[in-house]
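Please work through the exercises below with the sequence and the structure open beside you, and try each task before you read its solution.

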Amino acid sequence: KKWSFRIKVKQGQTFNGLKEFSVQSPETRDFLNEWIFHKICEKEDILTTRYNFYTLKINGYNLGVYALEEHFTKHLLEAKERREGPILKFNEEGFWECNIYNKANNEWAKKPVYESSTIMPFKSKKTLQTERLKNQFLIAQNLMLKYKLGEPNPNQYLDINSFAKAYALMSSLNTKHSFIWHNQRFYYNPIISRIELIVFDCFEGSGESTYREHVLYGTESWNVKPEFYCIMSVFDDLVFQKKYLFYLKKYWETEYLQNITKQLNQETRKLESALQKEYPNYKFDQKQFFRGVQKTKEELVDYEQKIINQEIKYTIKNNQHEDCYPETPFYHISLNAHLQESKVGESTLSIMNYHCSDINLLGYSSILNPDSILYFTTPKKIKNYTEGKKVITKLKPEKLFYQTLKSDSIFSCEIIMWP
């Protein structure tokens, strides 16, 4: 099995215009499927990471062919002729914390992973220290919260055309993996003050697309969990529906996508040949790659009629107060604390409890003295799943410390250093 590496190029240098990127096994993103999808995105002016294949050598030792995937820096935006602006994601650490717990304990943890997920900027240090980028990020965070909650009128916070285009392509080529909330990445376009989707991580392993059932997204009326509602609620909007339908038709009516791959044929064969030196049984299956386009074609008549009849309506399951387990707090889920304001002698925090039950807030540590707990005069009770509670500290805090109602152990959470 091949190791993966994150590579940062030395100060003042780039590699083929890239400052930071990952290299991983070609199997991770299903060989040429990911590469071709990225090439189509580039043709359609859909934001995506640069993706290619290289032979990797470390200290003269040949590790074979690797897939290179660009990381999320301003160089990605410059290559796509976008003005520099914040790149964002939903914090997925709670999701992975649950996965680790499940594997280690052989039991399933049920926690509000999505609900507790905060919105994070890439290159956070630079973003928060640069006044222009910080102000843009705070605007972008508010727009992203609207998307997270599935608020109506998405054209007021999303670049509807770019989302419709991306979702139509993702549906047509059956890249289900890139629809998942913790796989999505976003760019705040400061010119139009809207969010654009950055498409990446479309395929999830060698050959997985061959057995995945094709799904044309946004054609039903389902009651869905919050983590799906943020994505599916966009499909309720009539403006989005019409643009989405336009691009779906574009991608199948005139063999548009197949013509793009014909233009890539020479480069595709060259890369296929390079991959076959290490994976002799591998061959790019164009028929399989485009099978979703035919499926889409078959479903479009029905979908268009549903738009006319206004039959598409997704609703959200409010399952916050269903069973929550285990009782043990999870570091990246149970408590969120944002620094709302900080001045000499006083800092204001907004705290949200996502634990299975109420908690008692004991105190905090300060940035000046991070190893000591400054206890409140009396513990502050924070009810679970209620609106953010305001807490005031005398010093600028770094961490909060708390206890659950069923344990004497002391737990902590880091302060998120922006409102």
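**Exercise 1: a disulfide**

Cys 324 and Cys 356 form a disulfide, with their sulfur atoms 2.0 Å apart, where a disulfide is a pair of cysteine sulfur atoms within 2.5 Å. The model is a predicted one, in which local features need pLDDT of at least 70, side-chain atom pairs count only at pLDDT 80 or more, and totals for chains, interfaces and linings use all residues. Residues are numbered from 1 along each chain as its sequence is written, and side-chain values use heavy atoms, with hydrogens and water left out.

Task: Determine the handedness of the link of Cys 324 and Cys 356, and say which parts of the chain the pair links.

Solution: Begin with the angle about the S-S bond, which is -60°, and the link is left-handed. Then locate the partners: Cys 324 lies in the loop between strand 10 (315-316) and strand 11 (335-343), while Cys 356 lies in the loop between strand 12 (346-353) and strand 13 (359-366). The two are 32 residues apart, and the pair links distant parts of the chain. (Strands are DSSP runs of E with at least two residues, numbered from the N terminus.)

**Exercise 2: cysteines in no disulfide**

Task: Find the cysteine sulfur nearest to that of Cys 41, and decide whether Cys 41 is buried or exposed.

Solution: The nearest cysteine sulfur is that of Cys 202, 6.1 Å away, and Cys 41 is in no disulfide. Cys 41 counts as buried because its relative accessibility is 0%, given that buried means under 20% relative accessible area and exposed over 50%, with partly exposed in between (1.4 Å probe, protein chains only).

Notes: Helices (H or I, at least four residues) and strands (E, at least two) are DSSP runs, numbered from the N terminus.
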